[in-house]
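Student: I have a model open and would like to learn how to read it. Could we go feature by feature?

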Amino acid sequence: MGKRYLFTPGPTPVPPEVLAAVGAPVIHHRSPEFLPVYERVLTRLRDVCRTENDVLLFGSSGTGAFESAVANLVSPGEPHLVVSAGSFGDRWVAMTTAYGADVDVLRYAWGETPDADDLRARLREREAKVVWLVHSETSTGVVADVQALAAAAKEAGALVVVDAVSSLGAVPCETDAWGLDVVVAGSQKALMCPPGLGLAAVSEAALGATGSSPRFYFDWERTRKAQQTLDAPVTLPVSLVTGLDVALGLLFEEGLEAAFERHVRLGRAARAGVKALGLELFSPDEDRSAVVTAVRTPNGFDATDVVKGVRDRFGMTIANGQGEFKGKIFRLGHIGWFDVFDITTQLAAVEIVLADLGADVERGVAVTAALEAFETQPVS
Ligand code: PLP
């Protein structure tokens, strides 16, 4: 089999040290070997989330962590407000609706950036128990100003729940300082692990506001009590937890701030390369957009052919657009275990494939533009 490259915004490449830990012999989840690993992971997750609150860990995808928040916080008939500007905002809408909430949606077109004043105005019209936000809308590349949005929600007395599935570890997410009651994420993005772990940082206020929806596996109180004595409430995916321990060690070895700066530079490099090719960005041309770069396919060309072309010719997986943007945009991921050469490799492949498809792209400049953008200009 030829060489494979994983360039999607999740799952993301996993460092060999992490893979080695995941592949080690399975140990028991209540054994003396595992307990220090479990404890370290729970502590390090608090550090990544920048919170003093408990971070609850589940064997699930990110959507499972979503569901824990909905199952614990929604009672049928209650007013809730979702801010949606893409696929994952819509997931909050679908899930809160499925649990019987009376859901109001502050809706933006895909690609737009939610605005705190809009949220303030909407909350003046109708109160909400919880405001449900997406930090990094992976479907569009927009990273929202969660700090400002959370402040607007707090002014109205609402709890704030944030989907940080693709942002945690890539861009700053200050859970306590920004007053975020719940932050949910998954292992397979900037945390550099295989898929399979979901997490939810949960404030005392959120724990005090749980509702009447039926739940068991995802019950926060049950999980919290068990975690406090490291007496896992279920058989944990010990191999993944062990891998996450190593991955979080790598992240803190680099330093969280250094990782955030690297992601800003990776985003700059991707956008500079895309523009040098003569292509139009779909995601915002701003430093905050450091998770995934979404690119419009030139008129008359289909993103599906670009995605297929780089896969079939070079063994690279990049992401197509989602929903109605399938075929219209493609997305270059840059979270987690990425360096600038992962960006230039993607750009070079996209350049070749688009040129071969007959698109009018500028040849031979994207890689240089990306390297320059990565190196130059300090990150404030
Ligand atoms: N939210 C965001 C922003 C995501 O990028 C994803 C995954 O792609 C999810 C939620 C869903 O996570 P999962 O696929 O792990 O259930």
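Student: Let me start with polar contacts. Which side chain does His80 touch in this way?

Tutor: Look for N and O atoms close together. This is a predicted model, so every distance here is computed from it. The side chains of His80 and Glu78 make a polar contact of 2.9 Å.

Student: Where does His80 sit in the fold?

Tutor: Find the strand first. His80 belongs to strand S3, residues 79-84.

Student: Is His80 buried or exposed?

Tutor: Compare the relative accessible area with the cut-off: under 20% is buried. His80 has 0%, so it is buried.

Student: What packs around His80, apart from its sequence neighbours?

Tutor: Skip the residues within four places in sequence, then list what remains in contact. For His80 that list includes Leu73, Val74, Ala101, Asp102, Val103 and Asp104. Arg126, Ala128, Lys129, Val130 and Trp132 are on it too.

Student: Next, the ligand. How many residues surround it, and which are the closest?

Tutor: Start with the shell, then go to single atoms. The shell holds 13 residues. The closest are Ser61, Thr63, Thr138, Asp163 and Gln188.

Student: Which polar atoms approach the oxygen atoms of the ligand?

Tutor: Check whether each atom is side chain or backbone. Ser61 offers a polar side-chain atom, 2.6 Å from a ligand oxygen. Thr138 also uses a polar side-chain atom, at 2.5 Å from an oxygen of the ligand. With Gly62 the polar atom belongs to the backbone, and the distance to a ligand oxygen is 2.8 Å.

Student: On to sheets. In what order do the strands of the open sheet with S11 run?

Tutor: Read across the sheet, not along the chain. The order is S11-S12-S15-S14, four strands with antiparallel pairing.

Student: Why is one side of S11 and of S14 left without a neighbour in the sheet?

Tutor: Count partners. S11 (280-281) and S14 (319-320) are at the edges and have a single partner strand each, so one side of each has no neighbour in the sheet.

Student: How many bridges join S14 to S15?

Tutor: Two bridges link S14 to S15, residues 329-333, and the pair runs antiparallel. To see the register, find Asn320: Phe330 in S15 stands opposite.

Student: And Leu281, in S11? Is Leu281 buried or exposed?

Tutor: Being in an edge strand does not settle that; check the value. Leu281 has a relative accessible area of 15%, so it is buried. Contacts beyond four places in sequence are with Arg271, Val274, Lys275, Thr293, Ala294 and Arg296. Take Arg296: it is 15 residues along the chain from Leu281, with 5.9 Å between the C-alpha atoms.

Student: Now rings. How many aromatic pairs are there?

Tutor: Use the distance between ring centres, then the angle between planes. The count is 10 aromatic pairs. In one of them, Trp110 and Phe325 are stacked, with 5.9 Å centre to centre and 20° between the planes.

Student: Which parts of the chain does that pair tie together?

Tutor: Trp110 is in the loop between S4 (102-107) and H5 (116-125), and Phe325 is in the loop between S14 and S15, so the pair ties together parts 215 residues apart in sequence. Phe325 is buried, at 13% relative accessibility.

Student: Which rings form a cluster?

Tutor: Follow the pairs from ring to ring. Tyr5, Phe7 and Phe338 are linked into a cluster that way. A charge can also sit over a ring. The charged end of Arg222 does so over Phe216, 4.0 Å from the ring centre.

Student: Last, backbone angles. Where is the cis peptide bond?

Tutor: Check omega. The bond between Gly10 and Pro11 is cis, with omega about 0°. Pro11 is in the loop between S1 (5-6) and H1 (16-22).

Student: Which residues other than glycine have a positive phi?

Tutor: Take two cases. Met192 has a phi of about 65°. Met192 lies in the loop between S9 (182-186) and S10 (197-202), and is buried at 5% relative accessible area. Leu230 has a phi near 55°. Leu230 is in the loop between H8 (220-228) and H9 (238-254), and is buried at 15%.

Note on methods. Residues numbered from 1 in each chain as written. Predicted model: local features only at pLDDT ≥ 70, side-chain atom pairs only at ≥ 80, totals over all residues. Heavy atoms only, no water. Pairing = 2+ DSSP bridges. Buried < 20%, exposed > 50% of the residue type's maximum accessible area, 1.4 Å probe, protein only. Polar contact = N/O pair within 3.5 Å; in protein donor to acceptor, adjacent residues only side chain to side chain. Contact = heavy atoms within 4.5 Å. Phe/Tyr/Trp six-rings, centres within 6.5 Å; stacked < 30°, edge-to-face > 60°. Lys NZ or Arg CZ within 6 Å of the ring centre and 35° of its normal. Near = heavy atom within 4 Å.
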